[in-house]
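Student: I'd like a close look at one kind of contact here, the salt bridges. Could you walk me through them?

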Amino acid sequence: MTTPIPFSEAFLHYIWQFKLFDFKDLKTVDGESIELIRVGRQNDHAGPDFSDARIRIGGTLWAGSVEIHKKSSDWLVHQHQKDKAYKNTILHVVYEHDQSIYRADGTTVPTLILKNKIPNQYIERYWALETNQQSIPCEQQFFEVSIHLKKMWLDRLVVERLEDKTAEIITCLEQTQYNWEVVFYQFLARNFGMKQNTSAFEALAQSLPLMVLAKHKQDLFQLEALLFGQAGFLFELNGEEVEDKYLQKLEKEYQYLAHKYELIALNASSWKFGRMRPANFPTIRLAQFAVLIHQSSHLFSKILATQHVVDCKKMFHLELNGYWDTHYRLGESSSHRKKRLGSKTIDLILINTIAPFLFVYGVYKGEDRYKKRALELLQLVKPEVNMVVAQWQNLGMKPHSAYDTQGLIQLKNKYCRAKRCLSCAIGHKILQRSSS
Ligand code: SF4
């Protein structure tokens, strides 16, 4: 019975890429000498694992691909013998050799065995990360890595996070023939929904064209009728007599506008009110969204023209109409209280919508100044407060702005959770630190 190999192929790729094995006096399984000149470039797409390698085998210099497997028989398991892309493989690197591999012309694929050539320290350190069940598997070793390296890595991750968001925004832009205002409106609406009502706000923005709202932007009452009606909050009344005069008026107005623009309302059950403070109820958010549209046209163009974060924030100081001073929900009166978007909510809008749009715009236009502004904006916004950030704080990180927290969130969500320690600069340092 064969013993299972206790690590992934990705680990062997890593060992090969950084030449972390004893590469003196290397020989193929057939006894030919191997001299590594270039290990090649890692290939993330289909085809051999490394391309453009330079290796001297038995005195002949070869240029081509390197394929890596845990066992040589994996070549056949993966059916490479039938794939032309592997024709140019100059070396098969395996941990264990259990079968000779031949090319289509009958010649042997030179094979190098790594077993007994990888220092134990790498296997042990990798294994410690791989088997750790904590949500940040390196938490024991995290303190050994310098803050300088961590900061450099986080700088890269903030950009990576914005790039990830870029892909999503670009897809929506393509669907709207690059109508920046419409896509910005849709993303902003999602952001107004916060965590609980993101999908409902998104569905609302998709069912209610910005063009319709723009036609009525001078009239806050009509904007509310459109938004609340389309959200399903007025449709729910279905002609019933209600005592609330304002609500009655909204319903009447919506019926007229819905008919005019052939709108089909969402179902009010899509909206969540549970486990949130009344000031965050979707009804309050919708009223604030109506005011935002009422106050500003061509929002995205305005954002592009705004140079200072303070002015950007001012756009979200939204004064609701008097009805909302005594209501959290339509038709249900409450004690008098002014409702405003809290500074944390405004910061989240800056982080999740404004900064990514500035960044994408810079990418699209090929103008670095917008990308720079996106990063500067994050540096001027307070650090986020959430469980992920708290975990990093427990490990000694001290975020000073949203720029720092965005990097930390990317690290946790895209690397630690997926155990991508081999692709992480911190993991890299932990694996390769010199032994004491
Ligand atoms: S991905 Fe990086 S930071 Fe996360 S656990 Fe692995 S080594 Fe640590």
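Student: Which residues are linked in a network of salt bridges?

Tutor: Happy to help! This is a predicted model, in which local features need pLDDT of at least 70 and side-chain atom pairs count only at pLDDT 80 or more, while totals for chains, interfaces and linings use all residues. Residues are numbered from 1 along each chain as its sequence is written, and side-chain values use heavy atoms, with hydrogens and water left out.

The network is made up of Arg-38, Arg-41, Asp-52 and Arg-54. A salt bridge here is a side-chain nitrogen of Lys or Arg within 4 Å of a carboxyl oxygen of Asp or Glu, and the whole structure holds 18 of them.

Among them is the pair Arg-56 and Glu-35, at 3.2 Å from N to O. This pair links distant parts of the chain, with Arg-56 in strand E4 (residues 50-57) and Glu-35 in strand E2 (residues 33-38), 21 residues apart. Strands (E, at least two residues) and helices (H or I, at least four) are DSSP runs, numbered from the N terminus. Arg-56 is partly exposed at 31% relative accessibility, and Glu-35 is partly exposed at 41%; buried means under 20% relative accessible area, exposed over 50%, and partly exposed in between (1.4 Å probe, protein chains only).

Asp-164 and Lys-414 also meet in a salt bridge, again with 3.2 Å from N to O. Because Asp-164 lies in helix H4 (residues 147-175) and Lys-414 in helix H16 (residues 402-416), the pair ties together parts 250 residues apart in sequence.
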